[in-house]
Amino acid sequence: MADLKGINLAMQTPFNDDGSVNYGTFEELIDKYVDAGVHGLVLGAGTGQHPYLTEDECNRLYEIGAKRIGSRCNVICQTSALNMDEVIRRSRHAESIGADALMILPPYFEGPDDDDGLFAFYKEIDAAIGIDIIGYNIPQATGISVSVELLERLSTLKNFNWIKDSAGDFTTHQEYLATSASVLNGCDTTTVYALMAGTKGVIWGGANYMPHEAVRLYDLVSAGKHAEALQLWQRMLPSLLFIWRTHYTPSVLRAAQLRGYGTGNLRKPLVKLTAQQDEALQKALAPLMENPAT
């Protein structure tokens with residue numbers, strides 16, 4: 001079982017002005033994030049605009065990323081796809097280039113949404129690979145909720161050792177923590193409380209624009225310095241509330257650009273923030289700009 005505790009940064013995919021992937025900047029960002037102390041990088045993450053990348057582009061990101069990262073932190077690849085054969089093909093490729101774990105969404109478009117169907121989906125993937133699977137609970141995007149009962153059942157599979165919970169329902173999150181699964185928080189706005197409650201780590205899109213602060217927050221909570229952690233959290237929270245309530249990926253990438261991480265470019269059909277939204281984002285980022293944790 002992979003050790004995925006800590007800050008697993010759901011990494012952006014940098015694009016050029018024409019929408020092509022900027023692999024050079026991708027490698028530069030890897031170095032910046034690793035130097036900031038993150039414990040893992042999620043390649044092809046949702047924040048990396050995974051739905052709008054081709055399979056070949058994802059594979060190249062995995063290959064370049066795994067080589068650049070080396071053994072400096074964990075390598076997690078999102079290998080989600082709608083076609084079952086493609087999920088397995090992507091997953092096997094990621095395993096072959098040294099991924100420590102795979103993050104895989106449930107069948108999110110008119111696929112099975114009952115517990116038996118979801119279990120069969122992950123069981124087939126589990127049998128095809130030999131590294132950790134991170135399940136993904138994000139019902140606001142998939143329309144599928146992973147029940148506590150299903151999570152316990154999935155945990156009996158050989159490789160299904162983790163669940164990323166991005167739902168934002170802290171009651172369910174604490175119920176997950178009481179199961180035999182290892183839990184990773186994925187809801188930006190509950191991060192500090194999830195860490196205090198005992199979640200082993202996070203997969204965090206917002207860390208793209210504040211990797212140093214994210215690592216510092218984890219270190220403070222791990223050391224039991226909750227008062228200091230909450231002081232830092234108050235500087236982080238305004239921007240986290242903004243990205244969670246506005247268009248998530250465009251907001252994260254623009255915030256990252258403003259703080260020196262990436263190009264800020266998007267791939268269609270995603271669009272940039274409006275001038276009014278951009279102004280509001282910069283206001284929300286002000287507490288971080290005034291006292292950066294670098």
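These exercises work through aromatic rings, charges over rings and two annotated residues in a predicted model.

**Exercise 1. Classify the pair formed by the rings of Tyr33 and Tyr261.**

Step 1. A pair of aromatic rings is described by the distance of the centres and the angle of the planes.
Step 2. The centres of Tyr33 and Tyr261 are 5.5 Å apart. Rings pair if their centres lie within 6.5 Å.
Step 3. The planes meet at 20°, so the pair is stacked. The cut-off for stacked is under 30 degrees.
Step 4. Now place the residues. Tyr33 is in helix 1. Tyr261 is in the loop between helix 11 and helix 12. The two are 228 residues apart, so to speak of distant parts of the chain is correct.
Step 5. Both Tyr33 and Tyr261 are buried.

**Exercise 2. Do the same for Trp244 and Tyr248.**

Step 1. Their ring centres lie 6.1 Å apart.
Step 2. Their planes stand at 90°, so this pair is edge-to-face. Angles over 60 degrees count as edge-to-face.
Step 3. Check accessibility. Trp244 has 26% relative accessibility and Tyr248 has 21%. Partly exposed runs between 20% and 50%, so both residues fall in that class.

**Exercise 3. Find which residues form one aromatic cluster, and which charged residues lie over rings.**

Step 1. The structure holds five aromatic pairs. One cluster is made up of Phe121, Tyr122 and Phe160.
Step 2. Arg60 lies over the face of Tyr23, 3.9 Å from the ring centre.
Step 3. Arg153 has its charged end over the ring of Phe119, at 4.4 Å from the centre.

**Exercise 4. Where do the residues of the UniProt annotation "active site" lie, and what joins them?**

Step 1. Read the record. The annotation, from an unreviewed UniProt entry, covers Tyr136 and Lys164.
Step 2. Compare sequence and space. The residues span 29 residues in sequence, yet their C-alpha atoms are no more than 4.8 Å apart, so they gather at one spot.
Step 3. The lining of the largest pocket includes both Tyr136 and Lys164.
Step 4. Find their strands. Tyr136 is in strand 5, residues 132–137. Lys164 is in strand 6, residues 160–165.
Step 5. Test burial against the cut-off of under 20%. Tyr136 has a relative accessible area of 8%, so Tyr136 is buried. Lys164 stands at 6%, so Lys164 is buried as well.
Step 6. Look at the side chains. A polar contact of 2.9 Å joins Tyr136 and Lys164.
Step 7. List some neighbours. Tyr136 is in contact with residues including Gln78, Tyr122 and Ser166. Lys164 touches Asn137, Leu184 and Ile203, among others.

Terms used: Residues are numbered from 1 along each chain as its sequence is written. This is a predicted model: local features need pLDDT of at least 70, side-chain atom pairs count only at pLDDT 80 or more; totals for chains, interfaces and linings use all residues. Side-chain values use heavy atoms; hydrogens and water are left out. Rings of Phe, Tyr and Trp (its six-membered ring) pair if their centres lie within 6.5 Å; planes under 30 degrees apart count as stacked, over 60 as edge-to-face and the rest as tilted. Helices (H or I, at least four residues) and strands (E, at least two) are DSSP runs, numbered from the N terminus. Buried means under 20% relative accessible area, exposed over 50%, partly exposed in between (1.4 Å probe, protein chains only). A charge sits over a ring if NZ of Lys or CZ of Arg is within 6 Å of the ring centre and within 35 degrees of the ring normal. UniProt positions are given in the numbering used here, feature names are shortened, and annotations may be inferred rather than shown by experiment. On a 1 Å grid over the protein atoms alone, a cavity is a set of points where a 1.4 Å probe fits but cannot get out, and a pocket is an open set with protein on both sides within 12 Å along at least five of seven lines; lining residues have an atom within 4 Å of a point. Contact means heavy atoms within 4.5 Å. A polar contact is a pair of N or O atoms within 3.5 Å; within protein, one must be able to donate a hydrogen and the other to accept it, and residues adjacent in sequence count only if both atoms are side-chain atoms. Lists of a residue's contacts leave out its neighbours within four places in sequence.
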